[in-house]
Amino acid sequence: DLRWLKMDWDEGPDVGGKFGPYRQSERLNIYKKYAEELIEKGYAYRCFCTEEELEKQKIDAIGQGLNNVGYLGTWRNADPEEVKKRYERGDPYAIRFKVPPNKIIVLRDMVRGLITWNGDATLGDFVILRSNGMPVYNFCVAVDDYLMNIT
């Protein structure tokens, strides 16, 4: 609570407003909807890798001397029929955002100036919705900022 700082706000869980609900735990259906929309538009996909498979990939990559070990994209371009079969069977899956391969990201920072990096090499296809159905924080804030008109 920030009231001890004599801060006040226009809306939120304790004062209401048009953009509720405000707690992420009360907005899970919203995040799921947007993750599914990203899948439909081709910007995300279901990843059926188990924790054991991911750990083995990581250990194998380290054994090969690779330093920046990320997700290897096992399900990125998977056969749609196999994805459908696993989904309909109820296999657990995470939803991953498709980072465009070899895309150079450029931004101008007011302090550091022009910054560039290879998004694929840095980020890889990151999880936006965990296999337990919980969204990751960074996905939540992006969805919330968009829906609540925060700039």
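Before anything else, a word on charge: Lys and Arg count here as positive and Asp and Glu as negative, while His and the chain ends are not counted. On that footing, the protein chain in this predicted model carries 22 positive and 24 negative side chains, and the centres of those two sets lie 3 Å apart.

Let me turn to the overall architecture. The protein chain contains five helices and five strands, and if you follow these elements from the N terminus, they come in the order α-β-α-α-β-β-β-α-β-α. As for dimensions, the C-alpha atoms fill a box of roughly 55 × 45 × 30 Å along the principal axes. The radius of gyration of the protein chain is 19 Å, whereas a compact globule of 151 residues would be expected to have one near 15 Å.

How much of the protein chain is buried? Of its 151 residues, 27% fall into the buried class. The exposed surface amounts to about 10,900 Å², and carbon and sulfur atoms contribute 54% of that area. When we consider contacts between residues at least 6 apart in sequence, 60% of them join residues that are at least 24 apart.

I would now like to look at one hairpin. Strand β3, which spans residues 104–109, and strand β4, which spans residues 113–118, pair in the antiparallel sense over six bridges, and the hairpin that they form has three residues between the two strands. One of the pairings to look for on your screen is that of Asp109, whose bridge partner in β4 is Gly113. Strand β3 is hardly covered, since the count of buried residues among its six residues is zero.

My last stop is Phe126, which sits in the loop between α4, residues 119–122, and β5, residues 127–129. Why is Phe126 classed as partly exposed, rather than buried or exposed? Its relative accessible area is 34%, and because the partly exposed class covers what lies between the buried limit of under 20% and the exposed limit of over 50%, Phe126 belongs in that class.

Which residues does Phe126 touch, if we leave aside its neighbours within four places in sequence? Phe126 is then in contact with Ile95, Arg96, Phe97 and Val99. To give a sense of the separation along the chain, Phe126 and Ala94 are 32 residues apart in sequence, yet their C-alpha atoms are 9.8 Å apart in space.

Terms used: Residues numbered from 1 in each chain as written. Predicted model: local features only at pLDDT ≥ 70, side-chain atom pairs only at ≥ 80, totals over all residues. Heavy atoms only, no water. Helix = DSSP H or I, 4+ residues; strand = E, 2+ residues; numbered from the N terminus. Rg over C-alpha atoms; globule rule 2.2 N^0.38 Å. Buried < 20%, exposed > 50% of the residue type's maximum accessible area, 1.4 Å probe, protein only. Contact = heavy atoms within 4.5 Å. Areas by Shrake-Rupley, 256 points an atom, 1.4 Å probe, with all protein chains shown as cover. Charge placed at Lys NZ, Arg CZ, Asp CG, Glu CD. Pairing = 2+ DSSP bridges.
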